[in-house]
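Thanks for coming, everyone. I have one structure to walk through today. Please pull it up and follow along.

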Amino acid sequence: MTSAERAASVRHFARADSAWLAEGLLVYLTADQVAGLLTAVGELSAPGSRLLLEKGRDVTGTPQDPALAHITDLWQGGLGPGTHDWLDAHGWTTRLTMLDEIAAELGRPFPPGAGPSTTGFIEVVRTADTDRISPAR
């Protein structure tokens, strides 16, 4: 595929609503890498496109468990707890749903005394048409 064919393909893709899933990915990237990835997704997303991902959190205080070190040692932190704020500031509208809310909706509430959830999911809708690759006419 030539460069012109690739550019035409990207422009065609950027015209239609898209659905993106980044659940479980961003924590393995640095903040700069996540910003670059989400910027690229934004460039390829027409208004109305959706992105689903987990709520970012601060992973620096995660207890060290040797049984999980092969996973947690790879964590770079992503954008952390500011993920939804970053998205809101870059042409997306976010809706945060905490895990305990989802569990209750499914008839599986957290056990008494568990306290509120600190994790959840972000559903994001592309609202801005800025910083996008111009679609071919």
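**A charged trio across three strands**

Let's start with a salt bridge. The side chains of Glu-123 and Arg-95 meet in one, at 2.6 Å from N to O. This pair links distant parts of the chain. Glu-123 sits in strand E4 and Arg-95 in strand E3, residues 92–98, and 28 residues separate the two. Before I go on: this is a predicted model.

How many salt bridges does the count come to? Two. The other partner of Glu-123 is Arg-50, with the closest N and O atoms 2.8 Å apart. Arg-50 lies in strand E2 and Glu-123 in strand E4, so this pair ties together parts that are 73 residues apart in sequence. With shared partners, Arg-50, Arg-95 and Glu-123 become one network.

Why do such pairs form at all? Side chains of opposite charge can pair when their charged atoms come close.

Are these three buried or exposed? Neither label fits. Glu-123 is partly exposed, because its relative accessible area is 23% and the buried class ends at 20%. Arg-50 is partly exposed too, at 40%. Arg-95 is also partly exposed, at 49%, because exposed starts over 50%.

**The strands underneath**

Now the backbone around that network. E2 and E4 run antiparallel, joined by five bridges. E3 and E4 are antiparallel as well, with seven bridges between them. Two residue pairs to look at. Opposite Glu-123 of E4 stands Leu-52. And Thr-94 has Val-124 in E4 as its bridge partner.

One general reminder here. In a regular strand the side chains alternate between the two faces of the sheet. Keep that in mind as we move from Glu-123, in the salt bridges, to Val-124, which is in the nonpolar core.

**The core**

The largest nonpolar core has 13 residues. Which of them touch the most other members? Leu-26, Leu-38, Leu-51, Leu-53, Leu-87, Trp-92 and Val-124. Four elements each supply at least two core residues: helix H2 (31–43), strand E2 (50–54), helix H4 (83–88) and strand E4 (120–126). H2 gives the largest share, three residues.

Take Leu-87 as a way in. Leave aside residues up to four places away in sequence. Leu-87 then touches Leu-38, Leu-51, Leu-53, Trp-92, Thr-94 and Val-124. Thr-94 is the residue we just saw bridged to Val-124.

Next, Val-41, in helix H2. Val-41 is buried, because its relative accessible area is 8%, and buried means under 20%. What does Val-41 touch, again not counting residues up to four places away? Trp-20 and Trp-92. Trp-92 is also among the core residues I listed. There is a C-alpha separation to note as well: Val-41 and Ser-18 are 9.5 Å apart, with their positions 23 residues apart along the chain.

**A nonpolar patch outside**

Now to the surface. Which residues make the nonpolar patch? Tyr-28, Leu-68, Ile-71 and Leu-74. The patch covers about 330 Å².

Ile-71 is in helix H3, residues 69–72. Ile-71 counts as partly exposed, at 32% relative accessibility. That value also explains how Ile-71 can be in a patch, because patch residues need over 30%. Ile-71 and Tyr-28 are 43 residues apart in sequence. In space their C-alpha atoms are 9.3 Å apart.

**The whole chain**

Last, the overall numbers. The chain has five helices and four strands. From the N terminus, the order is α-β-α-β-α-α-β-α-β. There are 137 residues, and 30% of them count as buried. The chain exposes about 8500 Å², with carbon and sulfur atoms supplying 58% of that area.

What about contacts? Consider those between residues at least 6 apart in sequence. Of these, 80% join residues at least 24 apart. We have seen pairs of that kind of separation today: Glu-123 with Arg-50, 73 residues apart, and Glu-123 with Arg-95, 28 apart.

To recap, Arg-50, Arg-95 and Glu-123 form one salt-bridge network. H2 gives three residues to the core. And Tyr-28, Leu-68, Ile-71 and Leu-74 make a nonpolar patch on the surface. That's my tour. Over to you.

Technical notes: Residues are numbered from 1 along each chain as its sequence is written. This is a predicted model: local features need pLDDT of at least 70, side-chain atom pairs count only at pLDDT 80 or more; totals for chains, interfaces and linings use all residues. Side-chain values use heavy atoms; hydrogens and water are left out. Buried means under 20% relative accessible area, exposed over 50%, partly exposed in between (1.4 Å probe, protein chains only). Contact means heavy atoms within 4.5 Å. Accessible areas come from the Shrake-Rupley method with a 1.4 Å probe; for residues, only the protein chains shown count as cover. Patches are made of residues with over 30% relative accessible area and no salt bridge: like charges are joined within 9 Å, nonpolar side chains (Val, Leu, Ile, Met, Phe, Trp, Tyr) within 5 Å. A salt bridge is a side-chain nitrogen of Lys or Arg within 4 Å of a carboxyl oxygen of Asp or Glu. A nonpolar core is a set of buried Ala, Val, Leu, Ile, Met, Phe, Trp, Tyr and Cys residues joined through side-chain atoms within 4.5 Å. Two strands pair if DSSP finds at least two bridges between them.
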